Amino acid sequence: MRIPEVRLSATTDKPAWNEADRLGALRAYEILDTPREAAFDEIVNLVAQVFDAPIAVVNLIDEGRQWFKAETGLGVRETPLETSFCAHAILMQDSMVVPDATRDDRFSCNPLVTGEPGLRFYAGRLLKSAEGLPIGTLCVLSDKPRPEGPTALQMQTLQVLAAQVMTLLDLRRALAAQRQSEAQFRAIADSMPQMVWSTLPDGFHDYYNARWYEYTGVPEGSTDGEAWNGMFHPEDQARAMSAWTHSLETGDPYEIEYRLRRHDGVYRWTLGRARPIRDEAGEITRWFGTCTDIDDLKRSDQAKELLSQELSHRIKNIFAVVSALIALSARQHPEAKAFASAVRTRISALARAHEFVRPHTETSRPTVGSMTLHAFLADLFKAYSDLKGEPRILLDGDDATFDDQAATSVALLFHELATNAAKYGALSREDGRVTLDTRRAGDRFILTWTETGGPAVSGPPTHTGFGSSLASLSVEGQLGGRLERNWLRDGLQVVADLPATALSRRRAAQNVA
Amino acid sequence: MTARILIIEDEALVAMELRFVLEDLGHRVVDTVADAKSARDVVRENDIDLALVDIHLSDGPTGVALGRELGQEMGVTVLFMTANPGMVRNGVAGTIGVLSKPTDERAVQTAVDYALRRRQGEPVMYAPPELQLFG
């Protein structure tokens with residue numbers, strides 16, 4: 001009789017893993033010391049029957065002990081490692097078979113072989129984690145030697161069932177991970193100051209965080225499905241429903257402000273937002289949404305708006321008071337009347353500029369069109385219209401937005417040009433006209449003022465008035481441009497060549513940043 | 001044409017200047033008041049042709065309602081004069097229109113003439129450009 005050799009799938013003196021990693025992998029399954037489970041018990045029973053052997057075990061090799069998730073024929077849940085067959089098996093590649101332990105140097109002195117229960121035959125298949133670390137075996141033992149070894153079918157059964165054990169363990173771990181992730185989500189969601197909710201793809205609400213119930217005071221589950229809409233102010237319900245329906249139909253993000261009823265019955269302004277979660281095919285699988293109480297924010301915004309309106313009103317009033325003060329002062333000095341009147345019209349132009357560019361609200365928005373350069377100029381030039389109210393200064397070209405920094409300069413420049421034209425130029429004759437062409441040319445913005453139909457021009461005036469200086473100062477000093485005056489035969493032409501950013505410096509600075 | 005005019009304005013300097021301008025033009029300024037209640041009292045006790053009404057008065061932004069009442073119920077022709085014409089952007093029933101402050105004598109003169117002609121039922125083809133008309 002030949003001495004049975006230990007049949008090894010591979011010999012390994014040094015495993016490719018270290019014990020700490022192996023134990024780490026085992027513990028990650030969180031299976032040690034858990035109760036018996038039928039799914040594992042059925043596997044060991046089947047293995048024992050297939051092998052016609054008394055003992056079969058799902059054996060996990062822990063530190064200093066082996067622990068049995070399932071066993072038949074042993075009657076204990078763990079034993080020390082010193083007498084373990086499997087501790088040897090896990091050093092193998094895939095499996096280990098011992099036909100007769102009395103003839104195997106590794107086990108012939110094992111008390112379980114020399115004494116009770118007199119083990120002889122062993123066949124084990126490694127249980128490996130996804131990373132390839134052996135955490136234990138599915139093994140079968142018998143007190144009768146099997147010199148002929150197990151059959152191929154028996155070994156195949158062992159291999160298939162060992163794989164099933166791992167599938168069960170992996171599934172268990174995945175479920176635990178999912179439970180943990182869900183628990184984490186709920187912990188985060190419940191600790192948020194916002195209300196959080198979620199719906200099925202069709203919009204059916206099936207989740208609200210603790211904050212929702214705390215804030216609204218409604219019983220848990222009472223706002224599931226469609227009932228949430230009843231929580232909004234009656235005036236906001238139709239609007240919220242239509243926005244939500246739109247998002248459900250299109251997948252567009254949902255964002256709306258509505259009044260939500262708090263537990264004390266007070267409706268408070270709330271920002272509602274939701275985003276869809278999509279699967280790999282792009283189909284929406286869920287909606288997640290939040291409600292944020294913005295009532296305090298809204299009130300402070302309203303207060304700020306009121307303050308800003310009040311401030312602006314005062315500023316405009318100051319223009320009116322200063323203007324009245326100049327007029328009253330000039331009454332004592334008839335010789336100053338012309339001077340006072342010129343100053344007052346300049347102040348008036350500045351007041352108009354302020355009206356156009358100050359931050360506006362719905363109620364304070366100027367009555368004339370939008371707040372663009374052309375709208376502002378049209379308003380400024382209204383005073384120079386003909387008797388039928390038709391404008392005599394015609395605007396053409398590109399419109400532009402402008403801010404408060406540019407406004408005073410633009411107002412002064414064109415106020416001076418228009419008053420001058422009214423006194424000496426085209427507007428001093430009934431059929432005289434001015435065209436003002438504003439054009440964007442690359443990084444420049446060019447305004448061309450052309451007078452026609454006025455008195456014939458013979459050349460530049462010998463004397464330059466303060467008005468002209470004011471116009472030059474506005475363009476060259478304030479707006480960083482060039483001002484050119486051409487004394488054409490038909491009338492004065494003035495070209496203001498500005499950097500394109502001059503009208504809206506703040507916006508230009510923001511764009512760079 | 002000489003008219004009996006009430007100035008409703010809470011800035012004393014602006015009111016005084018306006019009074020001088022109107023008197024220079026030959027009108028009679030019956031009174032200058034700074035709040036809505038005083039305005040109603042004056043209108044009840046005097047015959048007023050035209051009221052120049054500021055919107056923000058010493059008792060708050062009461063000018064709009066006051067102007068509507070004077071125009072619709074008390075038979076006064078009403079012109080608003082305000083630094084914040086946006087407040088009456090949508091018009092006020094029973095009133096003529098609004099003149100932006102600060103303004104000048106010529107604009108006041110043409111706006112007042114226009115309003116008084118409307119009151120007399122005289123045909124007026126064109127409104128002064130500075131005056132924003134309602135309706």
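Where does Pro117(A) lie? I looked this up first and found Pro117(A) in the loop between α4 (111–114) and β6 (121–128) of chain A. The model is a predicted one, and my entries below are readings from that prediction.

**Entry: backbone**

I checked the bond that leads into this proline. The peptide bond from Glu116(A) to Pro117(A) is cis, with omega near -5°. I then turned to chain B, where the peptide bond from Lys101(B) to Pro102(B) is cis, again with omega near -5°. I placed Pro102(B) in the loop between β5 (97–100) and α4 of chain B.

I also noted Glu30(A), which is not a glycine but has a positive phi of about 50°. I find Glu30(A) in the loop between α1 and α2 of chain A.

**Entry: salt bridges**

I took the total over all chains and got 50 salt bridges. One that I followed up is the pair of Glu37(A) and Arg172(A), whose closest N and O atoms are 2.6 Å apart. I traced both ends of this pair: Glu37(A) sits in the loop between α1 (19–28) and α2 (38–51) of chain A, and Arg172(A) in helix α5 (residues 152–191) of chain A. The two residues are 135 residues apart, and I record the pair as a link between distant parts of the chain. The loop between α1 and α2 of chain A thus appears twice in my notes, with Glu30(A) and with Glu37(A).

**Entry: the contact of chain A and chain B**

How many residues does each chain give to the contact? I noted 30 residues from chain A and 25 residues from chain B. I put the area buried between chain A and chain B at about 2,600 Å², with 53% of it on carbon and sulfur atoms.

I then looked for charged pairs across the interface of chain A and chain B, and the rule finds five salt bridges there. Among them I looked up Asp24(B) with Arg331(A), where the closest N and O atoms are 2.8 Å apart. For polar contacts between chain A and chain B, I have seven residue pairs, both residues being at pLDDT 80 or more.

On the side of chain A that touches chain B, I find that α8 (295–331) and α9 (337–357) of chain A each supply at least two residues. The largest share of that side, twelve residues, comes from α8(A). By class I sorted the residues on that side of chain A into eleven nonpolar, nine polar and ten charged.

**Entry: cavities**

I counted five cavities of 30 Å³ or more. I examined the second largest cavity, which has a volume of about 120 Å³. Its lining has 15 residues, and those closest to its centre are Arg344(A), Val14(B), Glu17(B), Met81(B) and Thr103(B). I looked up which elements give two or more residues to this lining: they are α8 of chain A, together with α1 (12–24) and α4 (105–120) of chain B. The largest share, four residues, comes from α1(B). I classed the lining of the second largest cavity as eight nonpolar, two polar and five charged residues.

**Entry: second largest pocket**

I read off about 540 Å³ of space in the second largest pocket. Which residues lie nearest its centre? I found Asp386(A), Leu387(A), Lys388(A), Tyr126(B) and Pro129(B), out of 20 residues that line the second largest pocket. I traced the largest share of this lining, five residues, to α4(B). The residues of the lining of the second largest pocket divide into nine nonpolar, three polar and eight charged.

Key:
Residues are numbered from 1 along each chain as its sequence is written. Chains are lettered from A and ligands numbered from 1 in the order in which they are written. This is a predicted model: local features need pLDDT of at least 70, side-chain atom pairs count only at pLDDT 80 or more; totals for chains, interfaces and linings use all residues. Side-chain values use heavy atoms; hydrogens and water are left out. Contact means heavy atoms within 4.5 Å. Buried area is the accessible area (1.4 Å probe) that two parts lose on being put together, summed over both. A salt bridge is a side-chain nitrogen of Lys or Arg within 4 Å of a carboxyl oxygen of Asp or Glu. A polar contact is a pair of N or O atoms within 3.5 Å; within protein, one must be able to donate a hydrogen and the other to accept it, and residues adjacent in sequence count only if both atoms are side-chain atoms. Ala, Val, Leu, Ile, Met, Phe, Trp, Tyr, Cys and Pro count as nonpolar, Asp, Glu, Lys and Arg as charged, and the others, Gly among them, as polar. On a 1 Å grid over the protein atoms alone, a cavity is a set of points where a 1.4 Å probe fits but cannot get out, and a pocket is an open set with protein on both sides within 12 Å along at least five of seven lines; lining residues have an atom within 4 Å of a point. Grid points are joined across faces, edges and corners, and a volume is the space filled by probe spheres set on the points.
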